[in-house]
Structures are given as C-alpha cells and as structure tokens.
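Could you walk me through this structure, one selection at a time? I have it open in my viewer and would like to know what to click on next and what is there.

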Amino acid sequence: MSGHSKWHNIQNKKGKADAKRGKIFTKIGREIAVACKEGGANPDANAKLRDAIAKAKLNNMPLDTITRAVKKGAGELGDTTFEEIVYEGYGPSGTAIIVEALTDNKNRTAGNVRHSFDKFGGNMGTAGCVSYMFDKKGVIIVEREGAMDEDELMMLALDAGADDLTSDEEVYEILTTPDTFSTVRDALEAAGVTLASAEVSMVPQNIVELDLEKSARFTKLIDMLEDDDDVQNVWHNAEFPDGWEG
C-alpha cells in the first residue's frame with residue numbers, strides 16, 4: 001500500500017475516531033486489559049502492554065482511563081475474559097479483508113461480522129483465506145510538515161532497526177518488523193519526532209483498485225465492521241480513487 005493511500009486511510013480513520021472517541025477509548029482499553037492479563041501489569045516487562053499504552057497516548061486517551069484499563073486487566077476491578085479472534089473474508093471486487101476482534105461472546109461477534117459482510121456484498125471466508133496476501137509489519141507515519149530532514153529521519157529509523165522509509169508529498173512511512181516496532185517507535189519519540197500513527201498492521205502485498213460505486217459500498221462495509229464494539233482492527237487491500245473522501 002502506498003504512503004499516500006495509507007495516510008488517506010489514517011486521515012479518514014482519525015476523523016471517524018474524533019466523532020466516536022468514547023468507543024475508540026473502549027476498544028483501546030480492552031486491548032490494554034487483555035495485554036495486561038496475558039503478560040502482567042508492568043509495561044517495561046510486557047511489550048504488548050507497552051505498545052497498547054503507546055497507542056492509547058497517541059489517541060489522546062486520558063491517563064486515568066489508561067490506569068483503569070490496566071487495573072481491570074490485573075483483576076483489581078473484576079475479572080476480564082476476552083478472546084482474540086481473527087475473521088477473514090472478501091469485499092466488493094474481490095478485495096481482501098481481515099477483522100481482528102476481542103470478544104466475550106464468539107457467537108455474537110461471528111454473527112455480527114458475517115452480517116456486515118453479507119449486507120454489503122462481501123463474503124466471510126475461512127481462516128487463512130486472505131491472510132497470506134498480507135505481511136505483518138510495524139507501520140509508523142510521520143507528517144512531513146515540521147519533521148526533520150528526510151535523510152536524518154531515515155538514518156535515525158534505520159539505526160533503531162527499521163526496515164525501510166518511504167515518502168510522498170505529505171508523509172514519511174517507516175516500516176519495521178513486529179519485533180523491532182517498539183524499539184523504533186521509542187527511538188523516534190525520544191528524538192522528538194511527532195508520530196501521526198504507529199501500530200503493528202497487516203500490510204497488503206498487492207492492492208485492488210475500486211471505482212466510485214464499489215468504493216461507496218466497500219466503505220459502508222468497513223464502517224459497519226469498525227462500529228462493532230468487539231472489533232479492534234480492520235485491515236484490507238482496497239485502493240480508493242483519487243479524491244475519494246469516504
């Protein structure tokens with residue numbers, strides 16, 4: 001996926017997140033709680049928790065909300081039982097979609113995800129049907145405006161363990177392995193680099209270009225999936241037409 005497309009998706013996602021900030025906080029809080037329950041409440045010794053907290057801070061989640069999620073995961077505010085489930089399927093024009101969920105009711109979540117696919121011309125598939133089309137990578141986005149020189153940023157990122165840096169007129173996109181993601185993100189922040197987005201993502205190996213009609217239907221499908229309280233992330237390989245605002 002090109003840097004421009006990635007940034008376009010992030011801008012759209014951010015606008016929706018601003019309108020539904022409470023729901024976003026709930027999703028990230030659940031992610032923090034699960035990470036804490038799995039690996040302990042000390043972020044220095046729990047990389048998954050450290051990444052979830054960093055994600056919360058990038059989304060301007062209040063500190064007391066983060067602390068409450070940690071306490072919930074540690075069992076101080078009652079037991080937390082969520083299961084991580086990944087669903088895969090196809091959208092319009094054979095686009096590939098991966099849905100990551102945290103749920104306390106698998107039947108409810110599976111039914112809701114299937115309904116979303118069915119409603120907008122998609123098809124929920126079996127495990128592994130599209131995941132082979134994606135690579136799991138750390139993706140860090142830095143806006144060009146106000147950022148350091150590209151060569152300086154590249155050296156900083158590569159020295160910290162990044163795999164690559166690409167750019168366009170709006171952003172720099174830094175790619176890492178999942179294992180080096182935290183180290184690279186921390187190094188950039190320590191150097192005073194402002195991050196627009198930083199997360200471990202499923203990056204498509206190839207994209208499917210959609211026309212305006214298919215883009216409208218596809219966007220409704222993604223919006224319905226992301227509106228589900230149990231759905232944490234939705235990854236896809238769709239590319240929208242120039243000027244598409246979703």
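Here is a tour in a few stops, through a model that is predicted.

**Stop one: a pair of strands**

Start by selecting residues 83-90, which make up strand 1, and then strand 2. The two run antiparallel, and eight bridges join them. For one example of how they line up, click on Gly89: its bridge partner in strand 2 is Ile97.

Now look at the turn of this hairpin, where five residues sit between the strands. One residue to pick out there is Ser93, which takes a positive phi near 60 degrees.

Keep strand 2 (residues 96-103) selected and add a surface. Strand 2 is mostly covered, with seven of its eight residues buried. Strand 2 also pairs with strand 9, so add residues 231-236 to your selection. This pairing is antiparallel too and has five bridges. To see where the two strands face each other, show Ala101, which stands opposite Val231 in strand 9.

**Stop two: charged pairs**

Next, show the side chains of Lys, Arg, Asp and Glu. Side chains of opposite charge can pair when their charged atoms come close. In this model, the count comes to 10 salt bridges.

Select Lys23 and Asp229, whose closest N and O atoms are 3.5 Å apart in a salt bridge. Lys23 belongs to helix 2 (residues 21-39) and Asp229 to the loop between helix 8 (212-227) and strand 9, so this pair ties together parts that are 206 residues apart in sequence. Lys23 counts as partly exposed because its relative accessibility is 29%. Asp229, with a relative accessible area of 44%, is partly exposed as well.

Move on to Asp230, which forms a salt bridge with Arg30, the closest N and O atoms being 3.1 Å apart. Asp230 lies in the loop between helix 8 and strand 9, while Arg30 is in helix 2, so the pair links parts that are 200 residues apart in sequence. Are these two buried or exposed? Asp230 counts as buried because its relative accessibility is 4%, and Arg30 is buried at 13%. Add Asp104 and Arg108 to the view, and you will have a network of salt bridges that links Arg30, Asp104, Arg108 and Asp230.

One more pair is Lys48 and Glu38, with their closest N and O atoms 3.0 Å apart in a salt bridge. Lys48 sits in helix 3 and Glu38 in helix 2, so this salt bridge ties together parts that are 10 residues apart in sequence.

**Stop three: a lysine under cover**

Stay in helix 3 (residues 47-58) and click on Lys55. Lys55 counts as buried because its relative accessibility is 16%, and the cut-off for buried is under 20%. Which side chain does the side chain of Lys55 make a polar contact with? The partner is Glu31, at 3.2 Å. Beyond its neighbours within four places in sequence, Lys55 is in contact with Ile28, Glu31, Glu199 and Asn233.

**Stop four: a helix with two faces**

Finish with helix 4 (residues 63-73), where Thr65, Ile66, Ala69, Val70 and Gly73 are buried. Turn the view to look down the axis of helix 4: these buried residues fall within an arc of 140 degrees, so they line one face of the helix. On the face turned away from that buried side, find the exposed residues Leu63 and Asp64. Last of all, click on Gly75, just after helix 4, which takes a positive phi of about 85 degrees.

Note on methods: Residues numbered from 1 in each chain as written. Predicted model: local features only at pLDDT ≥ 70, side-chain atom pairs only at ≥ 80, totals over all residues. Heavy atoms only, no water. Buried < 20%, exposed > 50% of the residue type's maximum accessible area, 1.4 Å probe, protein only. Helix = DSSP H or I, 4+ residues; strand = E, 2+ residues; numbered from the N terminus. Pairing = 2+ DSSP bridges. Polar contact = N/O pair within 3.5 Å; in protein donor to acceptor, adjacent residues only side chain to side chain. Contact = heavy atoms within 4.5 Å. Salt bridge = Lys/Arg side-chain N within 4 Å of Asp/Glu carboxyl O. Arc of directions from axis to C-beta.
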